[in-house]
Amino acid sequence: MKIVFDSIGGIGKNIAATVIIKLIKKKYPDCELTVISTTPEVFNHNPNVDYLFHIDTRSEVLEYGHDFDQVLVQDPYHHTDMITRKSHLISTWAKLYDLDYKDEQPEIFLTEKEIQEGTELYSSDKPIMVIHPNGGTNTELFTYNWSRDLPTSISNAVIEKYKDEYKIYQIKSKDSKLTLMNTTPADEGIRMIAVLLMLSEKRLLIDSFTQHLAVCVDKPSTVCWITTTPNEFGYKMHNNVIRTPYEKPTIFTCYEGYNLVEYLSNMPYSSNKDIFNLNEILNNI
């Protein structure tokens with residue numbers, strides 16, 4: 001049996017999809033599984049994948065000369081259970097394809113060479129702390145996204161507390177303009193970031209790809225949530241810190257579940273300093 005599965009979306013969604021391909025192989029152990037992904041590096045060396053393609057070649061894989069028995073291209077974000085927040089992303093995805101999900105966790109398969117390279121790259125005479133304060137798309141208009149990112153005041157307070165004892169890496173994209181003081185940028189690829197998380201002793205993350213990746217390397221982390229929730233996208237192994245109650249009604253665009261940016265005018269707080277209780281974060285790291 002030939003099956004093709006595609007995972008379109010952000011890095012975190014693709015990491016979560018490693019559970020789905022594992023369940024597909026469990027249900028159809030003799031199938032030949034082709035994976036099409038926005039971030040194929042997530043699936044490198046994964047024993048459940050027979051053929052791996054970048055999303056740019058999707059039309060060729062699906063339309064030209066491939067005789068697939070099953071084409072699994074439905075998007076779980078369009079499912080009722082996700083839109084109404086009744087189910088976790090992985091559970092909803094498994095339900096779409098009638099897969100038997102029993103709380104399996106995402107996986108990444110790193111080679112010994114990658115682990116060695118990452119260990120050399122992040123060599124430190126201090127224990128390592130990782131902070132990932134900003135995620136999604138950085139543009140001229142949106143360098144800070146209140147609905148997802150840590151307020152700078154929170155990040156700076158955490159860094160101030162730990163900067164002498166730890167070497168602090170800030171995970172960021174190469175084009176991000178937000179570099180925090182007393183941190184070392186970590187803007188390498190996904191697989192090197194996985195090694196960094198593996199080597200770290202403390203981790204402060206947001207609802208972005210790193211909280212999924214931390215599960216892959218078995219590193220419980222402190223994860224901060226604002227407009228999304230761990231019930232939809234998180235994991236029980238983490239210390240999940242939920243935002244404080246909204247101070248005023250929000251004017252939603254369609255962020256909650258979809259957009260990566262939100263206008264500051266929609267922020268339901270007097271100040272972004274009020275989104276989280278700083279002491280709660282410090283006590284959970």
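Student: In this predicted model, how many salt bridges does a search of the whole structure find?

Tutor: The model is a predicted one, and the count rests on side-chain nitrogens of Lys or Arg within 4 Å of a carboxyl oxygen of Asp or Glu. A search of the whole structure on that basis gives a total of 12.

Student: Which residue forms a salt bridge with K13, and how many residues apart in sequence are the parts that the pair ties together?

Tutor: The partner of K13 is D75, with 3.0 Å between the closest N and O atoms. K13 belongs to helix α1, whereas D75 sits in the loop between β4 (70-72) and α3 (80-83), so the salt bridge ties together parts of the chain whose separation in sequence is 62 residues. As for accessibility, K13 is buried at 6% relative accessible area, while D75 is partly exposed at 25%. The residue asked for is therefore D75, and the separation is 62 residues.

Student: Where in the chain do E107 and K22 lie, and is K22 buried or partly exposed?

Tutor: The side chains of E107 and K22 meet in a salt bridge with an N to O distance of 3.4 Å. E107 lies in the loop between α4 (89-96) and α5 (112-121) and K22 lies in helix α1, so this pair ties together parts that are 85 residues apart in sequence. E107 is buried at 19% relative accessible area, which falls under the 20% limit. K22, at 32%, is partly exposed.

Student: Which residue forms a salt bridge with D187, and does that partner count as buried or exposed?

Tutor: D187 lies in the loop between β7 (184-186) and α7 (190-199), and its partner lies in the loop between β6 (167-171) and β7, 13 residues apart. The closest N and O atoms of the pair are 3.5 Å apart. The partner has a relative accessibility of 63%, where exposed means over 50%. The residue is K174, and K174 counts as exposed.

Student: Which backbone nitrogen lies 2.9 Å from a polar atom of the side chain of H79?

Tutor: H79 is found in the loop between β4 and α3, and at 18% relative accessibility H79 counts as buried. Leaving aside neighbours within four places in sequence, H79 is in contact with T92, K95 and L96. The backbone nitrogen at 2.9 Å from the H79 side chain is that of D81.

Student: Which helix gives the most to the largest nonpolar core?

Tutor: The largest nonpolar core has 50 residues, of which F5, I20, I24, I193, L196 and L213 touch the most other members. The greatest contribution to this core, eight residues, comes from the helix spanning residues 11-27, namely α1.

Student: Which strands stand at the edges of the open sheet of four strands?

Tutor: The strand order is β3-β2-β1-β4, with parallel pairing. Each edge strand has a single partner strand, so one side of each is left without a neighbour in the sheet. The twist from one strand to the next averages 15°. The edge strands are β3 (51-54) and β4.

Student: How many bridges join strand β1 to strand β2, and at what angle to β1 does α1 run?

Tutor: Strand β1 (residues 2-7) and strand β2 (residues 32-37) run parallel and are joined by six bridges, and S7 stands opposite S37 in β2. Helix α1 lies across β1, β2 and β4. The bridge count is six, and the angle between α1 and β1 is about 165°.

Note on methods: Residues numbered from 1 in each chain as written. Predicted model: local features only at pLDDT ≥ 70, side-chain atom pairs only at ≥ 80, totals over all residues. Heavy atoms only, no water. Core = buried A, V, L, I, M, F, W, Y, C linked by side-chain atoms within 4.5 Å. Buried < 20%, exposed > 50% of the residue type's maximum accessible area, 1.4 Å probe, protein only. Helix = DSSP H or I, 4+ residues; strand = E, 2+ residues; numbered from the N terminus. Polar contact = N/O pair within 3.5 Å; in protein donor to acceptor, adjacent residues only side chain to side chain. Contact = heavy atoms within 4.5 Å. Pairing = 2+ DSSP bridges. Axes fitted to C-alpha atoms, helices over the stretch in contact; angles between N-to-C directions.
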